[in-house]
There are 2 protein chains.
Amino acid sequence: METGEAIRTRRSVHEYADEELTRDEILSIFEDVRWSPSSYNLQPWEFVVVDDEEGQAELREAAYGQEHVTDAAAVAVAFGNLDRGAHAERVFRDQAEKGYRAEDRAEKLIEEMQDEPFEQNERWVIQSCTIAATTLMYAAWDRGVASCPMGGWDADSVCETLDVPETWHPVLMLTLGYPDEESDEWERERKMRRSPDEFVSFRDGGEE
Amino acid sequence: METGEAIRTRRSVHEYADEELTRDEILSIFEDVRWSPSSYNLQPWEFVVVDDEEGQAELREAAYGQEHVTDAAAVAVAFGNLDRGAHAERVFRDQAEKGYRAEDRAEKLIEEMQDEPFEQNERWVIQSCTIAATTLMYAAWDRGVASCPMGGWDADSVCETLDVPETWHPVLMLTLGYPDEESDEWERERKMRRSPDEFVSFRDGGEE
């Protein structure tokens, strides 16, 4: 699908078709997600995919009963690894090898990352994982797989259900699946969007 | 450009060609950005685009001297409107009209949004604006326009330079422009990315 079409036709879906997503299909979406940008290329994203009935039922409870959590073929939860040092060695040595930065600077950065206090990294992982999750929405839709990014869920319950390490900060939950194209939701006119005239301004106030 | 190609070939660019971006080109990118999702469809994004020499020089200072801020054709700064009530009336009445929710529920939500304390909305605007900024990167690259999302800059200086309302929370800065395809940066091998094997797990631990 053309990029512009993917962007303009993607819509958040709550009514899914009764059709499975194979794990190969899911992993193929993540083959695109991996190319998302992150500061220093540290890639602090960790995704847990839940595609079994019991797991989805538990997540639905954590998401205050939202039905699409169990109706979807799968649910992906994006966590941000608060430990900046986790992949620092590979990432910075790769950059030194490929000429992006000097070797001594790379070694210094590896050290610095180990010292970063976790609590300062929350905003950074929220942004990085949200970028990756947005890539996921477009990569999925490019394959005909709809998604719904969800904000309303209890983070503690989700971490407990998925039993993730303490350094993983929960960022975003997305339901995934083929849309039910016969649903009322699918038939409805798209929701309004503000136009660029309304949300873009130029610093000097000038016009084209 | 195909969606997969846009996602997999986009890279963060610091070396820009000496080629302008017209305001029409910039606004056409935002015609795609507008379709980004946000919770309740509240669209809390406000972008300020800086494409004049003086403005870019000021932003470069706020960004600790990073050269691509002045070398780029333009810089876009994404702000999140902390006032959930700002567009609530239009957004919820639209949803009631189109059958997304009952009218009385829409009216109740309009009221509720007015009462949301601004300081609780920071994370929400960070996520919404990061989604919109990610859409911007792909929509731009689809038109051959490269970008670089930037985390390192002084938020207070940027708000002062751009003289934005106090309710606008600064989220992300992006440089924009055609890449210099003869630069060393462009020639370099892409930076490594972790593979889905490493950053995706399934809840039940099972394999395909």
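**A five-stranded sheet and the two chains around it**

Strands E2(A) and E4(A) run antiparallel to each other and are joined by 8 bridges. This pairing is a good place to enter the structure, which is a predicted model. One pair of residues shows how the two strands line up: Phe79(A) stands opposite Pro170(A) in E4(A). Strands of a sheet pair through backbone hydrogen bonds, either parallel or antiparallel.

E2(A) has a second partner. Strand E1 of chain A, residues 45-50, is joined by 6 bridges to E2(A), residues 74-81, and this pairing is also antiparallel. Within it, Val48(A) has Val77(A) as its bridge partner, and Val50(A) has Val75(A).

These strands belong to an open sheet of 5 strands, in the order E3(A)-E4(A)-E2(A)-E1(A)-E5(B), with mixed pairing. The order shows that one strand, E5(B), comes from chain B. The edges of the sheet are strand E3 (146-150) of chain A and strand E5 (200-202) of chain B, each of which pairs on one side only. From one strand to the next, the twist averages 25°.

Is E2(A) mostly covered or mostly open? It is mostly covered, since 8 of its 8 residues are buried. In a regular strand the side chains alternate between the two faces of the sheet. In E2(A), one side carries Ala74(A), Ala76(A), Ala78(A) and Gly80(A), the other carries Val75(A), Val77(A), Phe79(A) and Asn81(A), and all of these are buried. Helix H8 of chain A, residues 155-162, lies across E1, E2 and E4 of chain A and runs at about 80° to E4(A).

Two residues of E2(A) also stand out in the nonpolar core. In soluble globular proteins, nonpolar side chains tend to be buried together. Here the largest nonpolar core has 107 residues, and those with the most contacts inside it are Val75(A), Ala78(A), Val75(B) and Ala78(B). Which residues does Val75(A) touch, leaving aside its neighbours within four places in sequence? They are Val50(A), Gln56(A), Leu59(A), Val69(A), Met173(A), Leu174(A), Thr175(A) and Leu176(A). Val50(A) in this list is also the bridge partner of Val75(A).

Now step back to the whole of chain A. It has 10 helices and 5 strands, and its C-alpha trace spans about 60 × 55 × 30 Å along the principal axes. Of its 208 residues, 47% count as buried. Among contacts in chain A with a separation of 6 or more, 82% are between residues 24 or more positions apart.

How is chain B placed with respect to chain A? Two copies of a chain are related by a rotation about an axis and a shift along it. In this model, a rotation of 180° with 0.0 Å of shift along its axis superposes chain B on chain A, with an RMSD of 0.0 Å. That is the relation of a two-fold axis. Both copies use the same surface, as 100% of the contact residues of chain B recur in chain A.

In this interface, 65 residues of chain B are in contact with 65 residues of chain A. On the side of chain B that touches chain A, two or more residues come from each of helix H1 (3-9), H2, E1, helix H5 (88-97), H7, helix H10 (196-199) and E5 of chain B. The largest share, 11 residues, comes from H7(B).

Helix H2 of chain B, residues 23-33, gives a closer view of this contact. Its buried residues are Ile26(B), Ile29(B), Phe30(B), Asp32(B) and Val33(B). Seen down the axis of H2(B), they fall within an arc of 150°, so they line one face of the helix. An α-helix has 3.6 residues a turn, so residues three or four places apart point the same way. The buried residues of H2(B) pack against elements of both chains: H1 (3-9), H10 (196-199) and E5 (200-202) of chain A, and E1 (45-50), E2 (74-81) and H7 (122-142) of chain B.

Last come two residues in loops. Gln43(A), in the loop between H2 (23-33) and E1 of chain A, has a positive phi of about 45° although it is not a glycine. Tyr64(B), in the loop between H3 (53-62) and H4 (68-71) of chain B, also has a positive phi, near 55°, without being a glycine. Which of the two is buried, and which is exposed? Gln43(A) counts as buried because it has 25 C-beta neighbours inside 10 Å, whereas Tyr64(B) is exposed, with 11 other C-beta atoms within 10 Å.

Methods:
Residues numbered from 1 in each chain as written. Chains lettered and ligands numbered in written order. Predicted model: local features only at pLDDT ≥ 70, side-chain atom pairs only at ≥ 80, totals over all residues. Pairing = 2+ DSSP bridges. Helix = DSSP H or I, 4+ residues; strand = E, 2+ residues; numbered from the N terminus. Axes fitted to C-alpha atoms, helices over the stretch in contact; angles between N-to-C directions. Contact = placed C-beta atoms within 7 Å. Buried ≥ 20, exposed ≤ 12 C-beta atoms within 10 Å, placed from the backbone. Core = buried A, V, L, I, M, F, W, Y, C linked by C-beta atoms within 7 Å. Least-squares fit on C-alpha atoms with pLDDT ≥ 70 in both. Arc of directions from axis to C-beta.
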